[in-house]
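Reader: I should like to examine how the labels attached to this model follow from the computed values. Could each term be set against its cut-off?

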Amino acid sequence: MAKQLLLGDEAIAQAALDAGISGVYAYPGTPSTEITEYIQASKQAEEGNVHRCWSANEKTAMEAAIGMSYAGKRALVCMKHVGLNVAADPFMNSAITGANGGLVYLIADDPSMHSSQDEQDSRFFAKFAFIPVFEPSNQQEAYDMTYEAFDLSEKYSIPVMVRVTTRLAHSRAGVERKPVKKQNKISLCENKRQYILLPVNARVFYRELLAKQPKLEAEAVALKYNQYINGEDKSLGIITSGIAFNYLMENYVGKKCPYPVLKITQYPIPVELVEKITQECTTVLVAEEGYPLIEEQLRGLLNKTSDIKGRLDGTLPRDGELNPNVMAVALGLPDTFGTPIPEVVAPRPPKLCLGCPHIDTYKALNVAMEEYGPGKVFADIGCYTLGALPPYNAIYSTVDMGASITMAKGASDAGLRPAVGVIGDSTFTHSGITSLLDCVVENTPVTILILDNLTTGMTGGQASHATGRIAQICEGLGVAKEHIREIVPLPKQYETNVQIMKEELAYNGLSVIIPIRECVQTMAKRLRK
């Protein structure tokens, strides 16, 4: 078929459609968001009636996909690495239940934390769960591996992870497509106890999961994605994974790498190939994007220490992304980093958009909090996190999705007064509802601001489950109606908003303030349409 110029994310989305998925389930999070958006805009998905609505969070997305797999159809689940923390419970247990219809977990990691709280490496989760992993090096492999991951999932009745990183997700290349497969028909498992994880069943399924591991390792070699590339100079052997292979080869453009190279893009790690390169070569350099997963196993499996180089011994940096120059330095080639950026070039920090409703909310909140002093406002993950920066300096925490409310509760339980939580509308339905319920049960004296800009703003304006429902949700949870206050964050409402905030901060109980005004970016898009 003709090639298409696709982002790595788009290649994955197209591969899933061509592989015959019946549904994609996701919560937006960079660098994975474009996968679901591509499917949502796809005529092929529309004609195939592929389910493609956003989920409330990553856990609900994964559970819905497991349900689709249970019914015998193929499903794709997409999230960023920290989203996998939210979905960890169904992720771990789905390895034991296994899959019926093909079930693929696309996890997009973010080394260097371009838009994330940490650099965590999702391969460790897969190893923890005994789930096989594909880790493509380029866009064509991203397409091919996603396409084949559904077959592997059904062959061994196991979920499969496809792990990408930011650079691959957001760069383009030509991709050649494969034939389009028809969607599966509904078919339930023959073993009607397969998804009942009572201990008596789970013990049996866990042993079956362990028994699959040697077969999955054999598959990792048989599918030829893991490649052993011979080299004449055996003084050094190089083990790379995923996109790190590209960074290596960019140092040898137009000529062959003189050293043997083991390219790992499918897990479990092929022990036979690892033994081959370590036996042939005096020293081994392990270059992998993310944590030193291969390096740690290599040191443990083969009991080698002094002749293994990588992130653990400082040959490669322990944090951040790799790049061709970092690889060059590790190989003893010239450092071509270039001239550092001069100090005269001032950095441009991120800031809230001009006209953003959060600006007026923070201005009012800062005035209302003046008499209490700093350090008492807990915030969350979203555009409004920029309220931590000048000129606002309004918030003092950002830990994980939904933590603002429960951190405020814990601080209030410790005696901090007032304790304020700031959370966005989409984050509230993602992880904040249960946190607010904890506050309701004890009538905890906290003031919660749920910033409703009518969209999921930080990731590009996806639909929010909370739109038009926040006050009703809060009242349904048990928040007293008279302490659910809706305000309009505009300069002309400034005095009124400050007064309402002061009243609720003084209240010795649970109160919720909901500033409501449309995101200026989504409003501009809506008006253009």
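**Terms and the values behind them**

Author: In this predicted model, helix H17, which spans residues 425–442, has a bend of about 70 degrees at Gly432.

Reader: What makes this a bend at Gly432, and between which axes is the angle taken?

Author: The angle is taken between an axis fitted to the seven residues ending at a given residue and another fitted to the seven starting there. For Gly432 in H17 that angle is about 70 degrees. Gly432 is also among the buried residues of H17, which include Asp425, Phe428, His430 and Val440. Just after the helix, Asn443 has a positive phi of about 45 degrees.

Reader: Which helix gives the largest share of the lining of the largest pocket?

Author: H17 does, with five residues. The largest pocket holds about 760 Å³ of space, and 38 residues line this pocket. Nearest its centre lie Ser115, Ile381, Gly382, Met401 and Met458. The elements that supply two or more lining residues are helix H5 (81–86) and H17. By class, the lining has 13 nonpolar, 21 polar and four charged residues.

Reader: What makes one space a cavity and another a pocket?

Author: The distinction is whether the probe can leave: in a cavity a 1.4 Å probe fits but cannot get out, whereas a pocket is an open set of points. Three cavities of 30 Å³ or more are found in the whole structure. The largest cavity contains about 60 Å³ of space. Its lining includes Tyr27, Trp54, Gln462 and His465, together with Ser426 and Thr429.

Reader: How many residues of each class line the largest cavity?

Author: Five are nonpolar, seven are polar and none is charged. Asp, Glu, Lys and Arg are the residues that count as charged, so the absence of that class means that none of these four types is in the lining.

Reader: Why is Glu289 called buried?

Author: Its relative accessibility is 1%. Buried means under 20%, so Glu289 meets the cut-off. Glu289 is located in the loop between strand S12 (283–287) and helix H13 (293–301).

Reader: How do you know that the side chain of Glu289 makes a polar contact with the backbone nitrogen of Leu322?

Author: A polar atom of the Glu289 side chain and the backbone nitrogen of Leu322 are 2.9 Å apart. A polar contact requires a pair of N or O atoms within 3.5 Å, so the distance satisfies the limit.

Reader: Is Asn453 buried or exposed, and what does it touch?

Author: Asn453 has a relative accessibility of 6%; the value is under 20%, and Asn453 therefore counts as buried. This residue is in the loop between strand S16 (447–451) and helix H18 (470–477). Leaving aside residues up to four places away in sequence, Asn453 touches Pro357, His358, Asp425, Arg517, Glu518 and Cys519. Asp425 is itself one of the buried residues of H17.

Reader: What makes helix H6 mostly covered?

Author: Seven of the 10 residues of H6 (88–97) are buried. They are Ala88, Pro90, Phe91, Ser94, Ala95, Ile96 and Thr97. Their cover includes helix H4 (58–70), H5, strand S4 (103–109) and helix H10 (199–222). Just after H6, Gly98 has a positive phi of about 80 degrees.

Reader: Why is Gly373 called partly exposed?

Author: Gly373 has 24% relative accessibility; partly exposed lies between the 20% and 50% cut-offs, so the term applies. Gly373 is placed in the loop between helix H15 (357–369) and strand S14 (377–378).

Reader: Why is a positive phi worth remarking on outside glycine?

Author: Because most residues other than glycine have a negative phi. Ser157 has a positive phi near 50 degrees, and its relative accessible area of 32% makes it partly exposed. Asn393, in the loop between S14 and helix H16 (403–413), has a positive phi near 45 degrees. At 39% relative accessibility, Asn393 is likewise partly exposed.

Reader: Which peptide bonds are cis?

Author: Among them are the bond joining Tyr267 and Pro268, with omega about 15 degrees, and the bond from Pro390 to Pro391, with omega near 5 degrees. Pro268 lies in the loop between strand S11 (266–267) and helix H12 (271–280). Pro391 is in the loop between S14 and H16.

Methods. Residues are numbered from 1 along each chain as its sequence is written. Side-chain values use heavy atoms; hydrogens and water are left out. Helices (H or I, at least four residues) and strands (E, at least two) are DSSP runs, numbered from the N terminus. Buried means under 20% relative accessible area, exposed over 50%, partly exposed in between (1.4 Å probe, protein chains only). A polar contact is a pair of N or O atoms within 3.5 Å; within protein, one must be able to donate a hydrogen and the other to accept it, and residues adjacent in sequence count only if both atoms are side-chain atoms. On a 1 Å grid over the protein atoms alone, a cavity is a set of points where a 1.4 Å probe fits but cannot get out, and a pocket is an open set with protein on both sides within 12 Å along at least five of seven lines; lining residues have an atom within 4 Å of a point. Grid points are joined across faces, edges and corners, and a volume is the space filled by probe spheres set on the points. Contact means heavy atoms within 4.5 Å.
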